[in-house]
Amino acid sequence: MGNSIQTFDIYDSPPLRKANTNAILLLCDHFKYENKKVRKLIKEQQLVGSVFTEYSQKYLGQKKVNSLLAEKEDLALNLTQLLQCSQSLMKEFIEQVIDKKLDIEKEIMIKAGDSFLLTDNNLTVRENHVKGTSSIETTSKSIYGEDNNDISFLCEYNSALIIDESNLDEVEKERIEKVKEKLTSFYLNPKTNLDSLKKSYGLSGLVEADAQSLVCKDKFLYNFFGNTIRTPKLSKDLRNTEREAFINVKLVVSVVKTTDIERTLAILAPNQICHTVWGVTHTSILIGQYKIDWFNDSLVMIKNSSHSSSEAIIAIDLGKFTTKEQIEQAFQTITDISTKYNGDKTYNNKTCNCQVFTSEILKEFKKINPEVTIPKNKSSLGKYFKELKKGEIRKIFYYNDELKKLIKNSKKEEKYSNFYDNDSIVFNSRREIDVFAYWLDSLGYFSTKTGEVDFYLLKAFDRAFCLQNENELSDILVVNGVECSFFTTHGTGKRDDISIIKMEYNTQDLNIPFPSRLFTRPSKLL
């Protein structure tokens, strides 16, 4: 496919605060800003217009400001930290590109009067404005890698954007109507926290837009995954091409709030009451920073930050995807299954509950990488799962013959005296499991085959305590005055394992396509 010539009209470009990286680079072209170092950093760090929101409002006189010069200093400092280059270069960039773009926006405001709307909910710059004549020609392929007849690639993504009905297929239309009914009930529920939905779940709080986000595969994939991994503040850590790609996967098992009678019936006749793999519990998938749940309101929800759960029982390692291609396949798998459940399925305790959903995803994950699976059900781990299905929801560890033999041949230590003469132990705090793990390690238990498997169970308990915001640790290992969990990388001085609190992973330069169906030209957006 050959290069297509596309006209970039500075007077018809997105407002600065809504511009994406491509638009900012085109502004550099237009204003002949040729500093290669800065342009490279803008592209690498995926700088977007939202960084300039406060400065834009003050520059355009929408907010009172005592000194625009001081605001410019603050912006330059922020950009210096974001792009990791000198403050003098950032001041030059602001003056030669950002201020000139805002001067044009101010000019349009004055000429267009009331028809110029610059609001947080409006991608439209104006209607029927007085256009200037300034424009440049650019080769679209050189900017974003393929031909495109619209300029959607200039706008920063917003979950409130809507795909025009003419661009939806019949299956999508039918699914959207079903999800709109679910969302309407969900949003009208006084227990629903719309602010939390917007902040942590990637939704807008608008029924039509969110229904599309939950049903249309291209929008779902970009809304919940693509847009997040390109966030400038995160991209340096999450998109490092010099490091190997990886993303961890966990199974989170939580207590289900049921009555004693319901729980007893489910335990005595599980096939009659509900389909269970892990007992009468709620299960979800944690992949990187994303927690995926199928809830009883018949919606799959993806939470992308601030994971906590007072009801978590275990959070067990299932392995990791280790290439950029595997990570992309995993995201696509979640998208395919989630949009199907959202649009076609209704939650049912017996036939379509959270464990059915979770099992379907894990089955597909195993096809992508066979090592992403539940650890072998041996030793205490296997017995724990059996007891869990019978209704045992405590964090309990069962001593096996190999461990008892090690204990018998070891010298007793006073600080571990509570652990010696037991057949099992129930953990009620993170500190207890921390001390216990250090004790087992001192016995050499984790070097045995059964100990290697039991490590996963104990770590799963520790991760669950993290999700419960239980942070009291032992003082057995202290680095730089910081108490370190046994399951932290030893000697780092980090408070918690990165797999729960700090969610480290790396997608390299994985590119999830922008959902181009969202619009044809920014001037038509609402």
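This report describes helix H2, an open sheet and the nonpolar cores of a predicted model.

Residues are numbered from 1 along each chain as its sequence is written. In this predicted model local features need pLDDT of at least 70 and side-chain atom pairs count only at pLDDT 80 or more, while totals for chains, interfaces and linings use all residues, and side-chain values use heavy atoms, with hydrogens and water left out.

Helix H2 spans residues 36-44, where helices (H or I, at least four residues) and strands (E, at least two) are DSSP runs numbered from the N terminus. The table lists residues of H2 by burial, where buried means under 20% relative accessible area and exposed over 50%, with partly exposed in between (1.4 Å probe, protein chains only).

| Residues of H2 | State |
|---|---|
| Val38, Leu41, Ile42 | buried |
| Lys36, Lys40, Lys43 | exposed |

The buried residues cover an arc of only 105 degrees around the axis, which puts them on the same side of H2; the arc is that of the directions from the helix axis to the C-beta atoms. The exposed lysines lie on the face turned away from that buried side. After H2 comes Gln46, whose phi is positive, near 55 degrees.

An open sheet of 5 strands is ordered S6-S5-S4-S3-S7 with antiparallel pairing, where two strands pair if DSSP finds at least two bridges between them. Its edge strands, S6 (300-303) and S7 (312-321), each pair on one side only. Strand S5 (residues 290-294) is joined to S6 by 4 bridges, and Ile292 has Ile302 in S6 as its bridge partner.

The largest nonpolar core (buried Ala, Val, Leu, Ile, Met, Phe, Trp, Tyr and Cys residues joined through side-chain atoms within 4.5 Å) has 95 residues, of which Ile287, Phe365 and Phe397 touch the most other members. Helix H18 (residues 430-443) gives this core its largest share, 8 residues.
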